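The exercises below ask you to work from the sequence and the coordinates towards a description of the fold. Try each task before reading its solution.

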Amino acid sequence: MKLNHLSNNFGEASATYDQHASVQKKTSEYLACLCSSCTENHKKILDIGCGTGFTTLALQKYYRNATYTLCDLSENMILSAKNKIPNQNYIVGDAENYSFNNTYDLGISNLALQWFENIESFLMKILLQCKYFAFSIPVEGSFAAYKNLFAEKNIPILAHYYWNIEALLALAKKQGDVIRSDFKRYDLFFENALDAAKHFKSIGAQGITTPQNKIKIAARLLANPVKINLNYNVFFVVLGRK
Ligand SMILES: C[S@@+](CC[C@H](N)C(=O)[O-])C[C@H]1O[C@@H](n2cnc3c(N)ncnc32)[C@H](O)[C@@H]1O
């Protein structure tokens, strides 16, 4: 059920994603750069939650001759990625439950793991398939001003949990060797809360909510016509297999 909703949200956003996902593009580029600075040359690369392909495109600058496999829950996202990056391998599926029957030199995931049910078991599984696994994820404190608009009224938004960096690092260390980690903050400014909400929708990240909550959310958004800052607090990790 949750996966269907996620897949629909991201599928609908596939047409508007590239225009609005400026942070995802920057973090893709930074993650690719981080990987290339601390790991070897890779020939087989798996991009998890690839979206429209920003991360694979960024990696291609460093690993020109590698073979890429792009995986995403949303078929529309995969079609979009295929358009940009033809002649590679593509998987439409839930990466948490998919049986990857191949091994890879590098697995990578940019701003997608926050949607997963169980990051720890996913890391355990993916490090059996990939020699290295690099990821970025929004962490605690992200979108603080936006979340505060709803906290007071106790309205759940953006569905997923934001990890605390220490807890996330401890979990990562249990599954692999942490070769590199880093933190960066990215800010996007909007004229009002409604525009910020439109931003989330245009990249498929509006989260999942009930029809009743949707009405409450809309009322809070309309009640906040002042400028708002969306801060993406992003943590980057490059893991090696133990
Ligand atoms: C915010 S987008 C990031 C896309 C891309 N990595 C980028 O940097 O532009 C998150 C993507 O993760 C995908 N996703 C979420 N849960 C997934 C899962 N369980 N398995 C595979 N893909 C998933 C979504 O469909 C969406 O395309």
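**Exercise 1: a pair of strands**

Four bridges join strand S2 (residues 67-72) to strand S3 (residues 89-92) in this predicted model, and the two strands run parallel. Find which residues of S3 stand opposite Leu70 and Asp72, and determine the handedness of the unit that S2 and S3 make with helix H5.

*Solution.* Begin with the pairing: Leu70 stands opposite Tyr90 in S3, and the bridge partner of Asp72 is Val92. Then follow the chain from S2 through helix H5 (residues 75-84) to S3, which gives a right-handed β-α-β unit.

**Exercise 2: the whole sheet**

Establish the order of the strands in the sheet, and explain why S3 and strand S6 (177-190) each have one side without a neighbour.

*Solution.* The seven strands form an open sheet with mixed pairing, in the order S3-S2-S1-S4-S5-S7-S6. Since S3 and S6 stand at the edges and each has a single partner strand, one side of each is left without a neighbour in the sheet. Neighbouring strands are turned by 15 degrees against each other on average, if direction is ignored.

Next, place the helices: helix H8 (residues 165-175) packs on the sheet, where it touches strand S5 (130-138), S6 and strand S7 (228-240), and its direction makes about 145 degrees with that of S6. Helix H9 (residues 193-202) lies across S6 and S7, running at about 30 degrees to S7.

**Exercise 3: the nonpolar cores**

Identify the residues with the most contacts inside the largest nonpolar core.

*Solution.* This core has 53 residues, and those with the most contacts inside it are Leu59, Tyr63, Tyr146, Phe150, Leu230 and Tyr232. A second, separate core of 27 residues includes Phe116, Ile119, Leu127 and Ala172.

Methods: Residues numbered from 1 in each chain as written. Predicted model: local features only at pLDDT ≥ 70, side-chain atom pairs only at ≥ 80, totals over all residues. Heavy atoms only, no water. Pairing = 2+ DSSP bridges. Right-handed = clockwise from strand over helix to strand, strands pointing away. Core = buried A, V, L, I, M, F, W, Y, C linked by side-chain atoms within 4.5 Å. Buried < 20%, exposed > 50% of the residue type's maximum accessible area, 1.4 Å probe, protein only. Axes fitted to C-alpha atoms, helices over the stretch in contact; angles between N-to-C directions. Contact = heavy atoms within 4.5 Å.
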